[in-house]
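Here's a friendly walk through one part of a protein model. Have a look at the structure first, then read on.

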Amino acid sequence: MTPSSAADHHSASPEDKILVLDFGSQYTQLIARRIRECKVFSAILPYDALFESIKSFQPTGIILSGGPATVTEEFTARAASEIFEMGIPVLGICYGMQTMAAQLGGKVENSLVHEYGHTTMALVEESELLSGLGENSSNGSFGEMDVWMSHGDRVIELPEGFTATACSANSPFAAISDGKRQLYGLQFHPEVTHTPKGQEVIERFLYRICRCSPNWKSESIIQNQIESIRQKVGSDQVLLALSGGVDSSVCAALLQKAIGDQLICIFVDNGLLRLDEAKTVYQTMTEKIGINLLAIDAADRFFSELAGVTEPELKRKIIGRLFIEIFQEEASKLKDVKWLAQGTIYPDVIESAGLQTDKAKVIKSHHNVGGLPESLHLQLLEPLRELFKDEVRKIGSELGLPHEIVYRHPFPGPGLGVRILGEVKKKFADILRQADAIYIEELYRHDLYYEASQAFVVFLPVKSVGVVGDNRAYDYVVSLRAVQTQDFMTANCMELPHQVLQIIASRIVNEVAGVSRVTYDITSKPPATIEWE
């Protein structure tokens, strides 16, 4: 989804829609995801979107996200003033509350004491948003809430019509409301799991205040997208880049349900796939799902183009360009192909700063984000572009895809190309895919695979001394990675049993020629990303 298309993101738009205006918070995407967990559709626009774009979206309610700026400076981010006069509920979170207060006549100051992390907040007034959520309430007391704060500024004077509904040691106005105008502000972050009752707060805003119905379900998403695909495509042929991962597989199943034989899938073996993946993908997609699939062996082309390249972003761009070239070549052999479909999902767009705003920073580029070159002469079709990974999985299950496909760990578009640090060579890819196969096999054997959100091996372009028999070995190092996450925006290292790690390391060193040492990556996201490159 891009800001320019937010208003017409579906041909059959859900009736209840929450619009999140992004002020640059690292948690903006999490807000949108929490809303969808409540089965209500959400979309994101940059804070400075034109009011006409906001109005045309026809939101049921608006949420103003947090952000890194300070309201106390004259030329920092502000919401369109008209949103407060639309007659719909508005919830400001952290910076969103501060800018709402300042714009409506209140005052905000830089606080000498900042609040970061867990905070106990006292409820001081009846509130449609918070009443009944407090702990340790008694006569004359509304109780307390444990919340998660992350701010340096604070509201010190309320706009006319607002009342304080909560306070903390350093925030006299930790929650505010104007029930008459349905305007609400929270200094804390309800969207993070560190706020224990945060999801209940969001549900209150959606169901009690905005009067939303929980209608955003996998069945409705599928039907909406089928209608949209048929309307866009008509009788044209569609070419899909199929990798065999969750996203492209679900995309293929959805397109086949919508347009049947008009879909042609191309699977490119770029030499950067997991062990036996080309064979497995072909058999699964053709025999179990019945998709028309063309398999292309292009491994030599990719290794040739990647020779001598070490910079991660350049490797991604080369791999992406080659994919486009190959599709262009194959598309030219087919008649009536007018569309190129891709399994792009929302996190891809987010990490590539695909929201088309200069407020977003590129974390890493995705070869399937950013449009297509004019020379391809195909229109782009991305039916999953607005969806988070968990929504994609639900759709896959609803469409009848095998469990092993739907709940397979994510695999990056550039494949092993971004799991081989430094130069990508066939020798390195062969070592890596063998080590990775052993790792995944042992995770399955110990019933740990589905406990991990993502697990894989990384090849390091360094050598270490080892001992093989009575001989000195000087071979490469690999690192195991396993994380647990709810949304892939943040992730924690998975604590694998030490005994299992020992088994995996022993097998890799003994069974994979060229590896002398195995390490385990325990870094969380942030500060690291899940993938190494």
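## Pairing strands

Before we get to who sits opposite whom, a quick definition: two strands count as paired if DSSP finds at least two bridges between them. Keep in mind that this is a predicted model.

Strand β10 covers residues 237-241 and strand β11 covers residues 263-269; the two run parallel, with four bridges joining them. Along this pair, Leu240 stands opposite Cys265 in β11.

## The whole sheet

Zoom out a little, and β10 and β11 turn out to belong to an open sheet of five strands. Read across, the order goes β12-β11-β10-β13-β14, and the pairing is parallel. In general, strands of a sheet pair through backbone hydrogen bonds, either parallel or antiparallel.

Which strands stand at the edges? Those are β12 (293-297) and β14 (379-381); each has a single partner strand, so one side of each is left without a neighbour in the sheet. From one strand to the next, the twist averages 30 degrees.

## A helix across the strands

Helix α7, made of residues 277-288, lies across β11 and β12. Its direction is at about 170 degrees to β12.

## Two helices that pack

Now for helix α5 (residues 218-233) and helix α6 (residues 246-259): they pack at an angle of about 65 degrees, and their axes are 9 Å apart. Their crossing is right-handed.

Who meets whom here? From α5 come Ile222, Gln225, Ile226, Ile229, Arg230 and Val233, and they meet Leu254, Leu255, Lys257, Ala258 and Ile259 of α6. Sorted by class, this contact has eight nonpolar residues, one polar and two charged.

Methods
Residues are numbered from 1 along each chain as its sequence is written. This is a predicted model: local features need pLDDT of at least 70, side-chain atom pairs count only at pLDDT 80 or more; totals for chains, interfaces and linings use all residues. Side-chain values use heavy atoms; hydrogens and water are left out. Axes are lines fitted to C-alpha atoms, for helices over the stretch in contact, and angles run from 0 to 180 degrees between N-to-C directions. A crossing is left-handed if the near helix is turned anticlockwise from the far one by less than a right angle, and right-handed if clockwise. Contact means heavy atoms within 4.5 Å. Ala, Val, Leu, Ile, Met, Phe, Trp, Tyr, Cys and Pro count as nonpolar, Asp, Glu, Lys and Arg as charged, and the others, Gly among them, as polar.
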